[in-house]
Amino acid sequence: MSKRILSGIQPTGHLHLGNYIGAVRQWIELQHSYESLFCIVDLHAITVRQKPEELRAAIRRTAAGYLACGVDPEKASIFVQSSVAEHAELAWVLNTFTQMGELERMTQYKDKSKQHAQNINAGLFTYPALMAADVLLYKTELVPVGEDQKQHIELIRNLAQRFNNHYDKPVFTVPEYVPPKQGARIMGLDDPTKKMSKSAESEWNAIALTDTPDVIRKKIKRAVTDSESEVRAGDDKPALTNLLTIYSVVTGKSIADLEKEYVGRGYGDFKTELGEAVVAWITPIQEKMATYMNDAGELDAVLDAGAERARAIATQTLKEVYDVVGLGY
Ligand code: AQP
């Protein structure tokens with residue numbers, strides 16, 4: 001039997017190039033070789049206040065985004081986290097295996113509690129235990145996510161081992177982190193020291209998959225660049241490295257080839273042509289996304305089928321967990 005992979009994205013706004021390059025792009029490749037589960041993690045999304053109608057729209061848009069980028073519902077189960085109740089149930093059990101000190105060390109928690117100082121809720125704090133439930137519920141072997149999630153995966157591995165050791169039973173599979181081949185951390189266009197993020201304050205930070213061609217061109221024109229005008233990647237050129245990574249992903253050309261193409265040419269040409277390359281790459285994705293958004297029945301059918309397949313595995317694992325823990329009567 002092929003190995004199982006699971007990954008997910010929060011429906012907290014619009015999917016952006018960072019989500020695509022750090023996560024979805026790997027899924028599309030891996031779905032051919034692995035039993036794949038890709039969820040829209042709406043329970044995670046409410047650790048930050050969401051407007052109900054916007055959250056529901058974002059859930060559907062995120063699912064349409066997965067499909068439009070090339071996730072194949074015949075090969076992968078696409079589902080919404082809250083439609084498989086076992087995620088929340090297992091999260092409770094795993095909370096009791098997670099130490100406060102471990103959660104306090106999580107950099108995502110530290111960042112988010114600065115960003116949402118008015119609402120540092122317990123859910124934000126225990127986010128990694130819910131993420132552990134997402135992964136462990138399916139006895140997932142591989143987790144393809146961006147580099148920002150690596151620390152969470154480490155914690156999930158520890159939790160799985162701790163639980164198995166405590167009950168002396170190999171209930172959970174210890175998962176492995178799968179890093180993206182390229183662009184593990186896509187940086188904000190407005191600030192190459194911070195990751196591109198759905199909830200960034202500046203509208204110039206991220207390129208959303210739903211941005212219009214004009215907005216994309218404008219965002220790239222305004223993107224921060226490094227000193228001196230040479231188009232090349234390198235530790236001393238974080239902004240250009242980021243832009244070249246994006247350019248390479250959307251065109252399939254290597255960074256070395258792109259650097260050669262721009263020898264003796266300045267940032268102006270580079271940005272104009274990068275803008276056009278992103279627009280050319282994104283246009284068919286946007287067309288497919290619109291098709292799925294306009295066919296509610298088709299999207300529902302994909303999500304229903306995905307949830308059913310996920311539930312079949314989830315109920316089994318939860319039963320096993322309850323049995324070893326001694327829950328029920
Ligand atoms: N900038 C990024 N570069 C590479 N990968 C990224 N990912 C996110 N940003 C980048 C990867 O996308 C997946 C889904 O992320 P998420 O929505 O669950 O949460 P996040 O990592 O916190 O993403 P955002 O965009 O920053 O969302 P908000 O603003 O809502 O917190 C993960 O695999 C992640 O690694």
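**Ligand, helix and core**

Student: Which of the 23 residues around the ligand come nearest?

Tutor: This is a predicted model, where local features need pLDDT of at least 70, side-chain atom pairs count only at pLDDT 80 or more, and totals for chains, interfaces and linings use all residues. Residues are numbered from 1 along each chain as its sequence is written, and side-chain values use heavy atoms, without hydrogens and water. A residue counts as near with a heavy atom within 4 Å of the ligand. Nearest come Thr12, Lys112, Asp148, Lys198 and Ser199.

Student: How far is an N or O atom in the side chain of Lys112 from an oxygen atom of the ligand?

Tutor: A polar contact here pairs N or O atoms within 3.5 Å. His16 has a polar side-chain atom 2.7 Å from a ligand oxygen. For Lys112, the distance is 2.4 Å.

Student: Why are Ile216, Lys219 and Ile220 on the same side of α10?

Tutor: These three are buried (under 20% relative accessible area, 1.4 Å probe, protein chains only), and they sit in helix α10, residues 213–222. An α-helix has 3.6 residues a turn, so residues three or four places apart point the same way. Asp214, Lys218 and Arg222, on the other side, are exposed (over 50%). The buried three share a side because they cover an arc, taken from the directions from the helix axis to the C-beta atoms, of only 95°.

Student: Which helix covers the buried residues of α10?

Tutor: Helices are DSSP runs (H or I, at least four residues), numbered from the N terminus. The cover includes residues 267–293, which form α13.

Key. Helix = DSSP H or I, 4+ residues; strand = E, 2+ residues; numbered from the N terminus. Contact = heavy atoms within 4.5 Å. Polar contact = N/O pair within 3.5 Å; in protein donor to acceptor, adjacent residues only side chain to side chain.
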